[in-house]
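Here's a walk through a protein chain, going from the whole thing down to single residues. Keep the viewer open and click along as you read.

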Amino acid sequence: MATIDGRPAQYGISLKQLRELMEHRGREGVNKIAEFGGIHELCKKLYTSPNEGLSGSKADEEHRRETFGSNVIPPKPPKTFLTLVWEALQDVTLIILEVAALVSLGLSFYKPADEDAPVLQEEEEHHGWIEGLAILISVIVVVIVTAFNDYSKERQFRGLQNRIEGEHKFSVIRGGEVCQISVGDILVGDIAQVKYGDLLPADGCLIQSNDLKVDESSLTGESDHVKKGADVDPMVLSGTHVMEGSGKMVVTAVGVNSQAGIIFTLLGAAVDEQEAEIKKMKKEAKRANKQKSLTGENDGRAQTKGTQALTQRQPVPSEGTKSESEGNHVPQSSSSSAAVETGHKKEKSVLQAKLTKLAIQIGYAGSTIAVLTVIILIIQFCIKTFVIDEKPWKNTYANNLVKHLIIGVTVLVVAVPEGLPLAVTLSLAYSVKKMMKDNNLVRHLDACETMGNATAICSDKTGTLTTNRMTVVQSYICEKLCKVLPTLSDIPQHVGNLITMGISVNSAYTSNIMSGHNPGDLPIQVGNKTECALLGFVQGLGVKYQSIRDEITEDKFTRVYTFNSVRKSMGTVIPRPNGGYRLYTKGASEIIMKKCAFIYGHEGTLEKFTRDMQERLIREVIEPMACDGLRTISVAYRDFVPGKAAINEVHIDGEPNWDDEENIMTNLTCLCVVGIEDPVRPEVPDAIRKCQRAGITVRMVTGDNINTARSIASKCGILRPNDDFLILEGKEFNRRIRDSNGDIQQHLIDKVWPKLRVLARSSPTDKYTLVKGIIDSTVSENREVVAVTGDGTNDGPALKKADVGFAMGIAGTDVAKEASDIILTDDNFSSIVKAVMWGRNVYDSIAKFLQFQLTVNVVAVIVAFIGACAVQDSPLKAVQMLWVNLIMDTLASLALATEFPTPDLLLRKPYGRTKPLISRTMMKNILGQALYQLVIIFGLLFVGDLILDIESGRGQELNAGPTQHFTIIFNTFVMMTLFNEINARKIHGQRNVIEGLLTNPIFYTIWIFTMISQVLIIQYGKMAFSTKALSLDQWLWCIFFGIGTLVWGQLITSVPTRKLPKILSWGRGHPEEYTDAMNLGEERFDSIDSDKKPRAGQILWIRGLTRLQTQLRVIRAFRSTLEDLNERRSMHSLHSLRSPRTGMPVPVGHPLYNLNLLSPNYIKHHQQQQPKQPTQPQQNVSSAMLLSDISYIDEDPQQHQRTLHNGLNSQHPSISTNIPANASSQSFLEIAHTMQQQIRCNNTEAKHSNGQNETRI
């Protein structure tokens, strides 16, 4: 018989049996495991040991992978470079250019035989094809650059995705040792330790558990926490969150065989079929469109280009790698609506909202001028040729008309700032890469830019402001207060034994102290740091805590009351050797003290613990410890005995009712009070000073008591002497912000938050309320932008609500990390300051690029337009404008988006939400420089030939060769643009524009490269670039005009900005205005022509499923309790909104949105709510397979809150799928198709529904 690693190769249970086993729940699951002979028998069948785990040998691991699969779900293959090239070619303006260039190319070779061509033109005819080819080559360059940017960006996102996945580790037992392994390495048969805050990476059966409660809403749709236990409901499933307790499970299904994996696979198949169907629909729509007139196409072009410009290459991190290219690849008939709609699914960041509006407006203006240019050129040509000269029509004139069209299209290309999304992407991607080195792992790109506008930071204390390396420095035992660590001989023996056993047993067994890597190193604390401090105290007394744990293993525990934010304590019940039970408890000292009735006094004598003694102890021991910045923890115990009970024991006849926690946790005997020091991080006070100087208010929100909080806040510099600031406890905070009915009122919060600096003894709900209150407040002129740090599962709602959520990479739970935008890989507050600096740098980089590009836009468009009117030709030829477009778009965005942040960025106040995108200073620079450049160019155009004594280029024949006159104009324009790029490096009116130039090698490399290319184009470009070589003095004139922009820039800086009218700043006001405008756009596009094209909603639905998703929904359970305080909804809405908003985990990045399976009761409930629709066919479907709720997880809760704030409270449009009771299995695709039809009916209502509503599918 074949053996692996000394055991049989054949397992006692098959993959199929394990898959079937995991489909059972509750009592069914218990019975099913019993059929296999119980959990220990199941472990034997999988050749694993409940206490030792897997052996960990390579052969065994490999065999398990082959048999049961590995714990990864294969991601969708990334797009190839050629696909991205093809998608870049879909750009409307580029297509028009390609067609025009091909026509021009064709006409240049077309020689009508019947017409006598003048002999003079023979020479020129040879070069007629060059311009057409040059335009084609330029287009190819633009396309390849675009595709390369998309490709490198896609690779970066994959890298970021893998980095985030790689950060996810899980505790398993292998070879008797607890070790942290990557989630992808978990195997069937592994013994995994499950604890509070975990996001479960695989399916398993519980071996043992303590007070374990799991949030399964991501799979079942039920938001209630499910109690789990080996004898209640032993099945724990991947993708669910542990909300309370701990336990140990044997892994039974991984990867595609786990419950989450099965759903992924199901979705993947459905998506592929669905995509094929959409393609078919597209073809049909195109056929239908061909038969109709194409008049409406031109009007939509500007809008399409404008919105596509932003959606085309704009990364939305939560949507992962798919979003940018998908935004482009939409059937043309619906691209505008889809582009608007895609952009809106993710609530736009402040900057994105402003940029989208700007891109659309520039697109409109550019298209108008482009169309006018073409019309004027053609009319002038016709009048001159056919009316004045009275020439007959020749076929060669078609070439002239095509040239005019090319000039018009080129004006459009130059006018539309497609470099804008590129600049944003490059700037963000570059910053994200650099921020990783500064210990900021950015999960959502927008967060990087939002952080630059932050005006308030609500920070945790433990681990963020302090080192999170806790040690016991003071103790109070048997009426002795020790400021140094006591020895075991100083403590009465029986008390010493109780303390050491109480701490060793009543701490999570995942908390351990390991010896350092090198002999001189400090010990490494693993697990909960407070528990590690107590275990260190036990070791300091000379007792080995591990030997006590080996004697009392976890499976001997009778009951565990795990720590949570409500209890603020932990209790463990163990059997006593001679019958009965002993409860050990530890927790916040003032909470434990209230439950104590006895205390060990002098020499270990038992005394009654009266109210007076309690008050004296708090006054003389606990408060002084807290004022020293120590966290105080009390340890106590209670005995339950069957026989005669002593004064501090309880007599019992049977087993007590452990669920009656209130009676169990009373009349305790206090053993000791310890003071745990968590020193302030040395770099924090300086970081907080920098924040305060930068106009950012730092607030501390902690669960610790008020004295400890005050002490630490003073040491950090959050509180300064003689400052008039508030320090509140959670209770007092709640009292001040609630009205007589107990409801939270915004006007009451507005009285508290401006002065609040420390919130102590706060619950997660308090944190959420504070954050929401500050964000919604309109007290401050610029509206607050709030960043929040958090590490616990309960911090999820606050992290989600904040504009930027920071999770702790080391101490943070999986749930907190999933809810956050940025993970601090070193848990250090000073890393947040670096995030602020990078964020401000991003905003400034984009503003620099805007200032530069808008100047070029204005000049190029006006020159082309007026040139066309005055000279019947554009002074800047099509190829030349494409070159200028390349300089100002791709190269300038690279150069200006990669500037390094400087400490000066922290010396100005944050912009806040309402700061205009283009300030008056920037507008002054843009208009000033444009004026200078236009004067020079028109001067050269009309009198340049006289001044420089050269042949005039005005009024040349169409086929005439390039002239030095127009070459000088082109060269001067490029020189002025290049020197203006140096001016654009400063946007706050600084005089020294050269400062820091050499610190940015990318900038000066690109600048020099552009300059060399320009020299080559002018001297050797000839027909291809319509240039003629210039002499040295002509070059000097061009450079002289170029350098003039630097001098002119100094003059503009001297003009006082304050004197300028405010109307000159653009983008003022609240971002809501922009997003609302986009909403209106959505509705307008949706209502038109809905039957002719596939619904944008359907395309989005498919795209939503297939997107690579990194962002997950945070726990619905917390959200619902918090939001219910604010919501005033009818019962009917409540029913239709019960759907959870929890997301699912995505191992190694996989397309999945939020997906819940509905119970048949839920379906019936919906059927009763909505009358049957006669047009819908009956659907037969197994309820277990029904995809009930695919919600867009990148909806932002801010949108929801804002909508509520505005009083929008519309009802969610339920969609009924009529399913008979005797339902059988049905094709997934048919169901999806029917659902789409229903969405079509309800689409208009859905548009108005508030942010929480999800279109139910």
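First, a word on what you're looking at: this is a predicted model. The protein chain carries 44 helices and 31 strands. Of its 1257 residues, 60% count as buried. The contacts reach a long way along the sequence, too: take those between residues at least 6 apart, and 78% of them join residues at least 24 apart.

Let's start with a sheet. Eight strands make up an open sheet with mixed pairing, and their order is 10-29-28-27-11-24-26-25. At the edges sit strand 10 (440–442) and strand 25 (726–729), each of which pairs on one side only. If you ignore direction, neighbouring strands here are turned by 20 degrees against each other on average. For a parallel pair inside this order, look at strand 24 (residues 697–701) and strand 26 (residues 756–760), which are joined by two bridges. Met700 is a handy landmark there, since you'll find it opposite Val758 in strand 26.

Now hop over to strand 12 (residues 471–477). Is it buried or exposed? Five of its seven residues are buried, so strand 12 is largely enclosed by the rest of the structure. Strand 12 pairs with strand 23 (residues 668–677) in the antiparallel sense, over six bridges, and Thr471 faces Glu677 in that pairing. Strand 12 also runs antiparallel to strand 13 (residues 480–482), with three bridges between them. Here Ile477 stands opposite Lys480. Strands 12 and 13 form a hairpin with two residues between the strands, and Cys478 in this hairpin takes a positive phi near 50 degrees.

That phi value deserves a short detour. Most residues other than glycine have a negative phi. Besides Cys478, two loop residues are worth a click. Asn667 has a positive phi near 50 degrees without being a glycine. It belongs to the loop between helix 23 (661–664) and strand 23. With a relative accessibility of 41%, Asn667 counts as partly exposed. Glu390 isn't a glycine either, and its phi is positive at about 50 degrees. You'll find Glu390 in the loop that links helix 14 (350–388) and helix 15 (397–415). Its relative accessibility is 65%, so Glu390 counts as exposed.

Not every loop residue is out in the open, though. Ser874 sits in the loop between helix 31 (829–871) and helix 32 (878–897), yet its relative accessibility is just 1%, so it counts as buried. What does Ser874 touch, leaving aside residues up to four places away in sequence? The answer is Ile407, Ala864, Met881 and Phe966. His404 is 470 residues away from Ser874 along the chain, but their C-alpha atoms are separated by 9.1 Å.

Phe966 brings us to a helix pair, as it is one of the residues through which helix 34 meets helix 33. Helix 33 (residues 920–947) and helix 34 (residues 964–983) pack at an angle of about 165 degrees, their axes 10 Å apart. The two helices are therefore roughly antiparallel, and helix 33 passes helix 34 in a right-handed crossing. Helix 33 brings residues including Tyr932, Ile936, Leu940 and Gly944 to the contact, while helix 34 brings Ile969, Phe973 and Met976, among others. By class, the contact has 10 nonpolar, eight polar and one charged residues.

Terms used:
Residues are numbered from 1 along each chain as its sequence is written. This is a predicted model: local features need pLDDT of at least 70, side-chain atom pairs count only at pLDDT 80 or more; totals for chains, interfaces and linings use all residues. Side-chain values use heavy atoms; hydrogens and water are left out. Axes are lines fitted to C-alpha atoms, for helices over the stretch in contact, and angles run from 0 to 180 degrees between N-to-C directions. Helices (H or I, at least four residues) and strands (E, at least two) are DSSP runs, numbered from the N terminus. Angles under 35 degrees count as roughly parallel, over 145 as roughly antiparallel, 65 to 115 as roughly perpendicular and the rest as oblique. A crossing is left-handed if the near helix is turned anticlockwise from the far one by less than a right angle, and right-handed if clockwise. Contact means heavy atoms within 4.5 Å. Ala, Val, Leu, Ile, Met, Phe, Trp, Tyr, Cys and Pro count as nonpolar, Asp, Glu, Lys and Arg as charged, and the others, Gly among them, as polar. Buried means under 20% relative accessible area, exposed over 50%, partly exposed in between (1.4 Å probe, protein chains only). Two strands pair if DSSP finds at least two bridges between them.
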